[in-house]
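Hello,

Here is the structure I promised to pass on. Please open it first, then read my notes below with the model on screen.

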Amino acid sequence: MRPVEAILERALRGEPPSARELERLFALDDAGEAAREPLFRAARELRRRHFGDRVFLYGFLYLSTWCRNDCRFCWYRRSNPECRRYRKSDEEVLEAAGRLAESGVHLLDLTWSEDPALRTGEGLAGLVRLTARVREASGLPLMLSPGVVPAAVLGELKQAGADWYACYQETHSRGLFRRLRPAQSFAQRMGAKRAARRSGLLLEEGVLCGVGESPRDLVRSVRAMARLGADQVRAMSFVPRDGIPLARRHHGDPGRELAAIATLRLAFPDRLIPASLDVDGLAGLRRRLEAGANVVTSLIPPGQGLAGVAQSVLDIEEGRRTAAEVREVLERCGLAAASGTEYADWVGRRKAEAR
Ligand code: MD0
Ligand code: SF4
């Protein structure tokens with residue numbers, strides 16, 4: 001039997017792949033669809049065992065595009081004069097959150113760039129107040145992605161009703177991290193996640209694909225995700241664009257992302273793994289689901305002047321990142337959107353296990 005098939009067969013019997021085996025699977029990025037299909041099939045089977053045909057939908061609200069950092073892969077980095085900046089008022093946020101909640105998403109992800117105006121004591125207190133208001137008004141579970149914030153603030157966000165903290169390292173190899181996130185502390189970013197976990201928040205960790213990482217770097221990320229006890233694990237392609245420094249050398253890598261989604265499913269069969277609409281929009285959803293993802297992220301209410309993170313405009317105003325559009329794709333893949341109760345139950349169980 002060929003080694004990849006043997007790895008997959010053992011994973012289906014409940015034996016997780018070793019580090020060397022994970023490296024092999026991550027390296028299937030340029031192997032072509034046919035060679036990758038057995039990997040995707042195994043990933044779908046593991047998803048089925050843990051989640052049946054149920055998929056969770058996450059609404060996304062990008063509340064401020066002002067940033068103090070200069071990440072080399074990011075459109076919103078401080079030194080990009082081309083990017084349109086905004087900071088949404090609490091009222092605008094509540095209105096958009098209400099529309100997403102009505103559309104049937106299971107969670108709201110509130111995301112901010114590291115906006116200098118929100119890093120002060122008063123700014124951070126404002127985040128906490130807004131979290132409580134959105135929670136109260138929407139009644140939905142909340143994920144917060146505010147960048148690195150002090151441990152005490154994470155505790156307050158949890159008290160205010162947050163369920164999740166998302167803060168992607170993008171890579172767990174320090175050299176690559178320095179190139180991607182210049183002048184930021186690797187240790188501080190990891191530390192914020194450990195603090196969030198201690199406060200009782202669930203954690204999402206993520207890697208960026210197509211930025212010069214090797215399969216071995218990705219294996220290092222799997223280990224780091226496991227040590228953190230991440231509840232949701234993400235692989236997302238770098239989206240190159242003129243005006244993003246990294247775009248001169250790297251082009252993102254859709255094959256790498258799909259192999260990574262499936263490999264993450266083998267490494268973390270019972271965790272949540274997103275298919276983001278923020279890389280190739282609705283058109284890219286099916287292939288991500290077929291690679292074993294079980295959450296669709298970056299649903300955005302049209303007409304509210306909100307942006308994506310990787311793709312600032314794709315499919316947003318056309319209303320193609322909505323629950324109705326996503327449900328149709330799910331159906332075509334033999335999948336179905338979960339109920340709100342099913343999602344809340346999953347979150348409740350994970351919180352109990354993480355304690
Ligand atoms: C997404 N655009 O889910 C969002 C974003 C931030 N927590 C998430 C990358 O694709
Ligand atoms: Fe700022 Fe986040 Fe972009 Fe980095 S990735 S520049 S922290 S918005």
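**Val239 and the loop after S6**

Val239 counts as buried, because its relative accessibility is 13%, under the 20% cut-off. Keep in mind that this is a predicted model. Val239 sits in the loop between S6 and H10. Setting aside neighbours within four places in sequence, Val239 is in contact with Ile244, Asp278, Val279, Ala310 and Gln311. Now pick Glu204, which is 35 residues from Val239 along the chain. The C-alpha atoms of these two residues are separated by 20 Å.

His250 belongs to the loop between S6 and helix H10 (254-267) as well. Is His250 buried or exposed? His250 counts as buried, because its relative accessibility is 16%. Its contacts, leaving aside neighbours within four places in sequence, are Gly210, Val211, Gly212, Phe238 and Pro240.

**A residue in strand S1**

Go next to Leu57, in strand S1. Leu57 counts as buried, because its relative accessibility is 0%. Which residues does Leu57 contact, leaving aside its neighbours within four places in sequence? The list begins with Val105, His106 and Leu107. It goes on with Val296, Leu299, Ala323, Val326, Leu330 and Ala337. Thr297 is worth a click too. Leu57 and Thr297 are 240 residues apart along the chain, yet their C-alpha atoms are separated by 6.2 Å.

**The cavity and ligand 2**

Now look for enclosed space. Rolling a probe the size of a water molecule over the atoms shows where empty space is left. How many cavities of 30 Å³ or more are there? The count comes to one. The largest cavity has a volume of about 730 Å³. Ligand 2 takes up the space of this largest cavity.

The lining of the largest cavity is made of 38 residues. Those nearest its centre are Phe73, Tyr168, Glu170, Arg181 and Val309. By class, the lining has 20 nonpolar, nine polar and nine charged residues. Several strands take part. Strand S1 (54-64), strand S2 (107-112) and strand S5 (202-209) are among those that each supply at least two lining residues. Strand S6 (232-237) and strand S8 (295-299) also each supply at least two.

What surrounds ligand 2 itself? The residues around ligand 2 are Tyr62, Cys67, Asn69, Cys71, Phe73, Cys74, Arg77, Ser113 and Arg181. This shell has five nonpolar, two polar and two charged residues.

**The largest pocket**

The largest pocket has a volume of about 220 Å³. Helix H3 (33-51), S1 and helix H13 (340-354) are the elements that give two or more residues to its lining. H13 gives the largest share, five residues. Find these lining residues on screen: His50, Phe51, Arg54, Phe56, Asp270, Glu342, Trp346, Arg349, Arg350 and Glu353. By class, the lining of the largest pocket has three nonpolar, one polar and six charged residues.

**Two positive phi angles**

Most residues other than glycine have a negative phi. Two residues here are worth checking against that.

Ala183 is not a glycine, yet it has a positive phi of about 65°. Ala183 lies in the loop between helix H7 (174-180) and helix H8 (186-198). Ala183 counts as exposed, because its relative accessibility is 90%, over the 50% cut-off.

Asp315 is not a glycine either, and it has a positive phi of about 65°. Where is Asp315 found? Asp315 is in the loop between S8 and helix H12 (323-332). Asp315 counts as buried, because its relative accessibility is 10%.

**A glycine in helix H5**

One more residue to look up is Gly123. Gly123 is in helix H5 (residues 121-138). Gly123 is buried, because its relative accessible area is 10%. Not counting residues up to four places away in sequence, Gly123 touches Ala117 and Leu118.

Best wishes

Key:
Residues numbered from 1 in each chain as written. Chains lettered and ligands numbered in written order. Predicted model: local features only at pLDDT ≥ 70, side-chain atom pairs only at ≥ 80, totals over all residues. Heavy atoms only, no water. Near = heavy atom within 4 Å. 1 Å grid on protein atoms, 1.4 Å probe; cavity = no way out; pocket = protein on both sides within 12 Å on 5 of 7 lines; lining within 4 Å. Sits in = over half its atoms within 2 Å of the grid points. Nonpolar A, V, L, I, M, F, W, Y, C, P; charged D, E, K, R; others polar. Points joined across faces, edges and corners; volume = space filled by probe spheres on them. Helix = DSSP H or I, 4+ residues; strand = E, 2+ residues; numbered from the N terminus. Buried < 20%, exposed > 50% of the residue type's maximum accessible area, 1.4 Å probe, protein only. Contact = heavy atoms within 4.5 Å.
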